[in-house]
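Biologist: I'm new to this one, so please pick the helix packing and take me through it slowly. Start wherever you like, and link each piece to the next.

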Amino acid sequence: MAYQTIRQEYLQIPIVTRVYSTACIITTLSVHLDIVTPFQLYFNPKLIFEHYQLWRICTTFLFFGTFGFNFLFNMIFTFRYCRMLEENSFRGRSSDFVMMFLFGGTVLVICALFVNLLFLGQAFTIMLVYVWSRRNPFVRMNFFGVLNFQAPYLPWVLLGFSVLIGNTIWVDLIGIVVGHTYYFLEDVLPNQPGGLKLLKTPRILKLLFDEVAEDPNYVALPEDQPGGFNWRRNN
């Protein structure tokens with residue numbers, strides 16, 4: 001009974017959030033069980049482009065460190081804000097959410113070519129938090145019961161906290177820059193006079209991730225109805 005309840009709750013998580021969070025947990029568990037090592041996961045342009053270890057482009061976003069405070073902190077924020085974005089801003093538009101993942105991941109990888117960043121998961125999380133915070137500007141936040149502020153300040157609070165616990169400032173700062181770039185291209189630029197929408201979701205992603213909406217005016221044909229055609233002839 002407990003298994004069925006857990007399974008049901010798990011399947012209720014939106015698909016993109018579910019897949020990404022599960023991949024992060026499986027990757028960390030694999031390191032914990034010594035199935036793989038962090039040296040096989042980190043971003044290394046030389047190994048990627050010269051030795052074709054292409055999986056590193058993905059695994060750099062999936063590892064937040066071994067089980068501990070840093071992993072738990074990042075996973076909570078990743079899951080929370082990823083899910084809230086998918087269930088609200090991207091509700092019914094999972095393909096557009098995947099497009100955001102692809103855009104953010106691509107820009108972060110390009111940044112990592114010029115800045116020595118080994119793992120990009122934390123920067124990706126900050127990107128998600130930034131986009132959510134700009135789309136919910138009037139939400140009041142409370143950080144560990146100490147600070148009270150409005151949502152747009154959340155990425156900067158997290159950056160300050162990250163520096164306090166000894167992390168480099170560049171990881172969170174790059175995440176903020178990438179998040180702002182997406183927010184500007186998606187939410188600001190198209191709404192300007194003569195603005196353009198530069199980020200367009202490919203049709204293949206819509207076919208893969210978006211649910212097909214039912215047409216309320218659709219009338220089922222005989223072959224679509226239970227039992228199919230009536231083959232009896234009237235004499």
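Modeller: Let's start with a pair of helices: Gln122, Ile126, Val129, Tyr130, Trp132 and Ser133 of α7 meet Leu154, Pro155, Leu158 and Ser162 of α8. Keep in mind that this is a predicted model. Helix α7 covers residues 121-135 and helix α8 covers residues 154-164; their axes come within 8 Å and cross at roughly 150°. Because that angle is over 145 degrees, α7 counts as roughly antiparallel to α8. As for the residues in this contact, 7 are nonpolar, 3 are polar and none is charged.

Now compare that with another pair. Helix α5 (residues 69-87) packs with helix α6 (residues 94-114) at an angle of about 140°, and their axes are 9 Å apart. That angle makes α5 oblique to α6. From α5 the contact uses Cys82, Leu85 and Glu86, and from α6 it uses Ser94, Phe97, Met100 and Phe101. Sorted by type, the residues of the contact between α5 and α6 are 5 nonpolar, 1 polar and 1 charged.

Some of those names come back when you look at the inside of the protein. In soluble globular proteins, nonpolar side chains tend to be buried together. Here the largest nonpolar core has 56 residues, and Phe97, Met100 and Leu128 are the ones with the most contacts inside it. The elements giving two or more residues to this core are α2 (15-32), α5, α6, α7, β1 (140-143), α8 and α9 (169-188). So all four helices of our two pairs are on that list. Take Met100 as a single example: leaving out residues up to four places away in sequence, Met100 touches Leu85, Phe90, Met127, Leu128, Val131 and Tyr182.

Let's stay with α5 for a moment. This helix has 19 residues and reaches 27 Å from its first C-alpha to its last, close to the 27 Å expected at 1.5 Å a residue. Its buried residues are Phe71, Phe73, Asn74, Met75, Phe77, Thr78, Tyr81, Cys82, Met84, Leu85 and Glu86. What covers them includes α2, α6, α7, β1 and α8.

One of those covers, α2, deserves its own look. The 18 residues of α2 should span 26 Å at 1.5 Å a residue, and the end C-alpha atoms are indeed 26 Å apart. On α2, the buried residues are Val16, Thr17, Arg18, Tyr20, Ser21, Cys24, Thr27, Thr28, Ser30 and Val31. These pack against α1 (2-11), α5, α6 and α7. After α2 comes Asp34, whose phi is positive, near 60°.

Ile25 is also in α2, but Ile25 counts as partly exposed, with 43% relative accessibility. Setting aside neighbours within four places in sequence, Ile25 is in contact with Phe71 and Met75, and both of these belong to the buried residues of α5. The C-alpha of Ile25 is 7.9 Å from that of Leu62, though the two residues are 37 residues apart along the chain.

Back to α6, where you will find Ser95. Ser95 has 0% relative accessibility and therefore counts as buried. Not counting residues up to four places away in sequence, Ser95 touches Thr201, Leu205, Lys206, Phe209 and Asp210. Asp210 also turns up with Arg91, a residue in the loop between α5 and α6: the C-alpha atoms of Arg91 and Asp210 are 9.8 Å apart, with their positions 119 residues apart along the chain. Unlike the buried Ser95, Arg91 is exposed, at 64% relative accessibility.

Finally, zoom out. The protein chain has 10 helices and 2 strands, in the order α-α-α-α-α-α-α-β-β-α-α-α along the sequence. Of its 235 residues, 40% count as buried. Among contacts with a separation of 6 or more, 61% join residues 24 or more positions apart.

Definitions and conventions:
Residues numbered from 1 in each chain as written. Predicted model: local features only at pLDDT ≥ 70, side-chain atom pairs only at ≥ 80, totals over all residues. Heavy atoms only, no water. Axes fitted to C-alpha atoms, helices over the stretch in contact; angles between N-to-C directions. Parallel < 35°, antiparallel > 145°, perpendicular 65-115°, else oblique. Contact = heavy atoms within 4.5 Å. Nonpolar A, V, L, I, M, F, W, Y, C, P; charged D, E, K, R; others polar. Core = buried A, V, L, I, M, F, W, Y, C linked by side-chain atoms within 4.5 Å. Buried < 20%, exposed > 50% of the residue type's maximum accessible area, 1.4 Å probe, protein only. Expected span 1.5 Å × (residues − 1).
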